[in-house]
Amino acid sequence: MEKLETSIENIIQAILQRVPSIILGMLILIVGIYFIRIILNIVRKRFEKNEIDLSLRDFILSILKFILYSMLILSCASTMGIQTTSFLAVLSAASLAVGLSLQGSLSNFAGGVLILLFKPFRTGDNITSANGASGTVERIDILYTILRAGDGITIFSPNGPLANSIITNYSNIQTRKVEYKLDISSKADIKKVRSVILKVINEDNRVLQHPAPQVLVNQLNGNAINLLVNFWTQKNDYGGAFHYNQEQIKEALEKNEIPVSSVQPEIHIYNSDNTSSGEMK
């Protein structure tokens with residue numbers, strides 16, 4: 001019984017000795033929470049003032065909140081006399097193990113941060129990338145960018161490869177050039193051909209006149225003349241103008257009896273000893 005009473009007295013004595021540090025720790029916790037809220041509010045207003053992307057804003061605030069509260073809890077625990085060294089060691093080991101097992105996800109995470117920070121594209125932009133992703137951006141998440149392809153299929157592109165690839169943004173422009181290459185017979189009158197094609201193009205009010213449409217001789221190929229036709233449109237008119245004028249040019253060439261290229265493909269037949277046995281044009 002005496003041993004029990006002694007143990008209880010020792011516990012009470014230890015608690016009484018810790019009372020000042022416990023009170024100090026609680027004060028640090030209360031004051032810390034108050035200052036963390038002030039800091040987060042200041043950062044949030046700064047983001048709003050600078051018009052930081054909403055996804056990036058929420059993400060950074062969440063990370064900052066986690067870091068500040070973690071530091072506050074560790075500081076309070078240390079003030080109260082709780083040993084935090086072993087806890088930090090376990091936390092570091094766990095973080096290392098999780099990091100090694102989630103390397104791909106961490107790469108996508110870093111890619112998402114870079115995309116949200118540097119904005120090579122935004123929601124609603126039409127993009128293609130070297131990693132095969134192509135479509136209209138519907139949402140940019142931390143790990144994946146969600147695209148809508150032209151056929152309506154949803155594409156989930158990992159942010160890691162996407163951020164490290166070459167990205168072509170078709171929406172981050174005002175005008176876009178339409179370009180055709182076509183072959184006509186070498187017997188055709190180039191000036192007449194140019195006049196016919198330009199007449200078709202200039203009748204389309206979607207075609208811009210600055211810079212002016214062009215019909216250029218691109219290459220001479222024996223019995224054929226390769227022409228380069230180009231003109232500019234507003235970016236939203238590109239698709240319609242491209243298909244419409246392509247059809248109208250074909251019909252105009254036929255109507256004016258302008259001969260197209262008569263070049264035929266060459267077929268070469270080889271023996272097993274790699275010598276030519278005949279040619280057909």
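## Exercises around Asn226

Leaving out neighbours within four places in sequence, Asn226 is in contact (heavy atoms within 4.5 Å) with Lys181, Leu182, Asp183, Leu216, Val217, Asn218, Gln219 and Asn221. Before we start: this is a predicted model, where local features need pLDDT of at least 70, side-chain atom pairs count only at pLDDT 80 or more, and totals for chains, interfaces and linings use all residues. Residues are numbered from 1 along each chain as its sequence is written, and side-chain values use heavy atoms, with hydrogens and water left out.

**Exercise 1.** Work out which strand holds Asn226 and how that strand pairs with E7.

*Solution.* Start with the element: Asn226 sits in strand E8 (strands are DSSP runs of at least two E residues, numbered from the N terminus). Next, the partner: E8 (residues 224-234) runs antiparallel to E7 (residues 214-221), with seven bridges between them; DSSP has to find at least two for a pair. Across the pair, Leu216 faces Leu228 of E8. Finally, the turn: two residues separate the strands of this hairpin, and Gly222 has a positive phi near 65°.

**Exercise 2.** Decide whether Asn226 is buried or exposed, and find its polar partner.

*Solution.* First, the cut-offs: buried is under 20% relative accessible area, exposed over 50%, partly exposed in between, using a 1.4 Å probe and protein chains only. Asn226 counts as buried because its relative accessibility is 10%. Then the partner: its side chain makes a polar contact with the side chain of Asp183 at 2.8 Å (an N or O pair within 3.5 Å, one able to donate a hydrogen and the other to accept it; residues adjacent in sequence count only if both atoms are side-chain atoms).

How values were computed. Helices (H or I, at least four residues) and strands (E, at least two) are DSSP runs, numbered from the N terminus.
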